[in-house]
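Let's take a walk through a protein and look at the spaces it leaves open. Have the picture ready so you can find each spot as we go.

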Amino acid sequence: MASTPSQPSGPTRTYPPLYVPTGDSGKDKLAFIHILERLKTQKRTGWVDNKIPNPESISDHMYRMALLSMISDDPNLDVSKCVMMALVHDLAEAQVGDIAPREGISKAEKHRMEAEAMHNFLHDMLHDSPAAQRINALWLEYEEGKTAEAKFVKDLDRFEMASQASEYERNHGASLQPFFDSSVPKIQHPQVQGWAKDLMEERTSFKHQGNSDSTS
Ligand SMILES: Nc1nc2c(ncn2[C@H]2C[C@H](O)[C@@H](COP(=O)(O)O)O2)c(=O)[nH]1
Ligand SMILES: [Mn+2]
């Protein structure tokens, strides 16, 4: 019987019911194909909270992370794995939505809800196919955060958000300091640290330029 993820404590969130498999692999695979649309349409919570006009979607975020993986020149990283990991790391959000820190959902509960969603996608919709097992392995590796690729992609998650925050500050005059505070200091990969340093210097010069423009 389908069940929706148990409602976590804290602010109420509602979830669509989990998919009930038909047993017809074609129909069940189509259900997966259609649920992916939610990644294209669901806006990222942090920007919605800050009333950013026309905010990015979950897939927008993952797409830039995939391309950021491709511009890394770290010879120790399996770039193809990083690209695929970036593209599936927030896949569960098609079911549980984009959970932001301010919602007060514990890491353990967030992981439980997301694991339930991933099981619904990969077992009930994709029937544990080899492709489903590959997606599951990539997602678990990211969640465990132990391999070089998982740590690098998590740093891209942080850096991509900081990049988007700086673009929203510049384009919409938003003030998004918490997004930088919660991401940039945690970046560990040397190359991504360099990108973040350049981004913050650019942000500072833009703010100074804005201040001097407003006083001239
Ligand atoms: N209001 C805030 N929201 C934040 C902050 N840091 C992250 N977030 C948002 C951004 C995303 O919508 C979501 C998590 O994104 P994942 O890529 O980790 O799923 O939480 C913040 O400091 N303030
Ligand atoms: Mn993410």
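What follows is a tour of two pockets and one ligand.

Keep in mind that you're looking at a predicted model. So how do you find empty space in a protein at all? You roll a probe the size of a water molecule over the atoms, and that shows where space is left.

Start with the largest pocket, which has a volume of about 1300 Å³. Its lining is made of 40 residues. If you want to find the middle, look for Pro101, Lys107, Lys110, Lys154 and Asp157, the lining residues nearest the centre.

Which helices help build this lining? At least two residues come from each of H3 (45-49), H7 (107-125), H8 (130-144), H9 (148-172) and H10 (177-181). The top contributor is H9, with 9 residues. As for the chemistry, the lining has 16 charged residues, along with 13 nonpolar and 11 polar ones.

Now, what fills this space? The largest pocket is the space taken by ligand 1. Two or more residues of the shell around ligand 1 come from each of H3, H9 and H10. That shell holds 15 residues, and the closest are Arg44, Gly46, Glu93, Asp98 and Asp157. You've met Asp157 already, as one of the residues nearest the pocket's centre. Sort the shell by type and you get 6 nonpolar, 4 polar and 5 charged residues.

Zoom in further and you can pick out some polar atoms beside the ligand. Gly46 takes part through its backbone: an N or O atom there sits 3.0 Å from an oxygen atom of ligand 1. With Asp90 it's the side chain, where an N or O atom is 3.2 Å from a ligand 1 oxygen. Ser182 also uses its side chain, placing a polar atom 3.2 Å from an oxygen atom of ligand 1. How much of ligand 1 does the protein cover? On its own, ligand 1 has 510 Å² of accessible area, and the protein covers 85% of that.

Finally, head over to the second largest pocket, with a volume of about 220 Å³. Its lining consists of Phe32, Leu36, Leu39, Lys40, Ser59, Met62, Leu87, Val88, Leu91 and Ile135. Helices H2 (37-41), H4 (58-70) and H5 (79-88) each provide at least two of the lining residues. What kinds of residue are they? Here you'll find 8 nonpolar residues, 1 polar and 1 charged.

Terms used
Residues numbered from 1 in each chain as written. Chains lettered and ligands numbered in written order. Predicted model: local features only at pLDDT ≥ 70, side-chain atom pairs only at ≥ 80, totals over all residues. Heavy atoms only, no water. 1 Å grid on protein atoms, 1.4 Å probe; cavity = no way out; pocket = protein on both sides within 12 Å on 5 of 7 lines; lining within 4 Å. Points joined across faces, edges and corners; volume = space filled by probe spheres on them. Helix = DSSP H or I, 4+ residues; strand = E, 2+ residues; numbered from the N terminus. Nonpolar A, V, L, I, M, F, W, Y, C, P; charged D, E, K, R; others polar. Near = heavy atom within 4 Å. Polar contact = N/O pair within 3.5 Å; in protein donor to acceptor, adjacent residues only side chain to side chain. Areas by Shrake-Rupley, 256 points an atom, 1.4 Å probe, with all protein chains shown as cover. Sits in = over half its atoms within 2 Å of the grid points.
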